[in-house]
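Biologist: Good morning. Could you show me the chain, so that I may ask about its parts?

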Amino acid sequence: MTAETSQTLDRGLRVLKLLADTDHGLTVTELSHKLGVNRTVVYRLLATLEQHALVRRDLGGRARVGLGVLGLGRQVHPLVREAAMPALRALAEDIGATAHLTLVDGAEALAVAVVEPTWTDYHVAYRAGFRHPLERGAAGKAILSARRPPQPPDEDEDAPGYTLTHGELEAGACGAAAPLLGVTGVEGSVGVVMLADVVPERVGERVMHAAREVAEALR
């Protein structure tokens, strides 16, 4: 901590991060140990965060992230979209296919940024706001692949680091996508969708490169 920072705010943000990293919530005692402060301080932090709906406590007294964070989260998409646009634009122009950034929204994949190539005679129309199940399409499957624990190379089906699909979201269209890796608080993928029978070999590596560029821009 420095003279220009707030210790109380810092602790409150640490509480939110700790709660966001657990599925079952944390007790006051557990938060006290993790923060290295006494229980009275934790009670005050939780009470303040509860007033803003950023934290809720269940009947057992375990603290969890509150619904108030959803309001903050809605403002994240424009910032993420802006950071991703240069890499998406370069990807679309290079491959000649519609490029997109897709983020997790509940059990669905949500396209939050889309760039169409400027020089092609035709391409797939793909709009920001388009949703589909995570289990269908390259974008969703790439996200799910990042959730699985790493496997030895000879057992890992996604060893190349990208996912290919054909005709799962639109007849005659195929897709390639790679997950965003190493970006705290953001779960998503970068990909392209095109009208083709087979995804050209170089597309997978190019999509992975774009995903790394976007991830770097978001760090």
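Biologist: Which residues is Val203 in contact with, leaving aside its neighbours within four places in sequence?
Modeller: With that restriction, Val203 is in contact with Ile95, Ala176, Val192 and Met194. Please keep in mind that this is a predicted model.

Biologist: Where is Val203 found?
Modeller: Val203 is found in helix H7, which covers residues 201–218.

Biologist: Is Val203 buried or exposed?
Modeller: Val203 has a relative accessible area of 2%. The limit for buried is under 20%, so Val203 counts as buried.

Biologist: How far is Val203 from Val192, C-alpha to C-alpha?
Modeller: Their C-alpha atoms are separated by 8.5 Å, and the two residues are 11 residues apart along the chain.

Biologist: Let us turn to the whole chain. How many helices and strands are there?
Modeller: The protein chain has 7 helices and 8 strands. Its C-alpha atoms fill a box of roughly 65 × 40 × 30 Å along the principal axes.

Biologist: What share of the residues is buried?
Modeller: Of the 219 residues in the protein chain, 40% are buried. The chain exposes about 12500 Å², and carbon and sulfur atoms supply 54% of that area.

Biologist: Now the sheet, please. What is the order of its strands?
Modeller: The order is E5-E4-E3-E8-E7-E6, in an open sheet of 6 strands with antiparallel pairing. E5 and E6 are the edge strands, each pairing on one side only. On average, neighbouring strands are turned by 30 degrees against each other, direction ignored.

Biologist: Which helices lie on it?
Modeller: Helix H6 packs on the sheet and touches E3, E4, E5, E6, E7 and E8. The direction of H6 makes about 30 degrees with that of E7. Helix H5, residues 76–95, lies across E3, E4 and E8 and runs at about 65 degrees to E4.

Biologist: Which residues of H6 are buried?
Modeller: In H6, residues 137–147, the buried residues are Gly137, Ala138, Ala139, Gly140, Ala142, Ile143 and Ser145. The strands they pack against include E3, E4 and E5.

Biologist: And how many residues of E4 are buried?
Modeller: Strand E4, residues 108–115, has 7 of its 8 residues buried.

Biologist: What joins E4 to its partners?
Modeller: On one side, 7 bridges join E4 to strand E3, residues 98–105, and the two run antiparallel. Within that pairing, Asp105 has Glu108 as its bridge partner, and Ala99 stands opposite Val115. With strand E5, residues 131–133, E4 shares 3 bridges, again in an antiparallel arrangement. There, Glu108 has Pro133 as its bridge partner.

Biologist: What lies between E3 and E4?
Modeller: E3 and E4 form a hairpin with 2 residues between them. Gly106, in the turn, has a positive phi of about 70 degrees.

Biologist: Let us move to E6. Which way do its side chains point?
Modeller: They alternate along the strand: Thr163 and Thr165 point to one face and are buried. Leu164 and His166 point to the other face and are not buried. In a regular strand, the side chains alternate between the two faces of the sheet.

Biologist: How many bridges join E6 to E7?
Modeller: There are 4, and the strands run antiparallel. Thr163 in E6 stands opposite Ala177 in E7. The hairpin of E6 and E7 has 6 residues between the strands, and Gly167 takes a positive phi near 70 degrees in that hairpin.

Biologist: One more area: H1 and H2. At what angle do their axes cross?
Modeller: The axes of H1, residues 7–20, and H2, residues 28–35, cross at roughly 120 degrees and come within 11 Å. The crossing is right-handed.

Biologist: Which residues meet there?
Modeller: Arg11, Arg14, Val15, Leu18 and Leu19 in H1 meet Leu31, Lys34 and Leu35 in H2. The residues of this contact divide into 5 nonpolar, no polar and 3 charged.

Biologist: Finally, what about Thr5: where is it found?
Modeller: Thr5 is found in the segment before H1. Thr5 is partly exposed, with a relative accessible area of 43%. The C-alpha atoms of Thr5 and Tyr126 are separated by 44 Å, and these residues are 121 residues apart along the chain.

Methods:
Residues are numbered from 1 along each chain as its sequence is written. This is a predicted model: local features need pLDDT of at least 70, side-chain atom pairs count only at pLDDT 80 or more; totals for chains, interfaces and linings use all residues. Side-chain values use heavy atoms; hydrogens and water are left out. Axes are lines fitted to C-alpha atoms, for helices over the stretch in contact, and angles run from 0 to 180 degrees between N-to-C directions. A crossing is left-handed if the near helix is turned anticlockwise from the far one by less than a right angle, and right-handed if clockwise. Contact means heavy atoms within 4.5 Å. Ala, Val, Leu, Ile, Met, Phe, Trp, Tyr, Cys and Pro count as nonpolar, Asp, Glu, Lys and Arg as charged, and the others, Gly among them, as polar. Buried means under 20% relative accessible area, exposed over 50%, partly exposed in between (1.4 Å probe, protein chains only). Two strands pair if DSSP finds at least two bridges between them. Accessible areas come from the Shrake-Rupley method with a 1.4 Å probe; for residues, only the protein chains shown count as cover.
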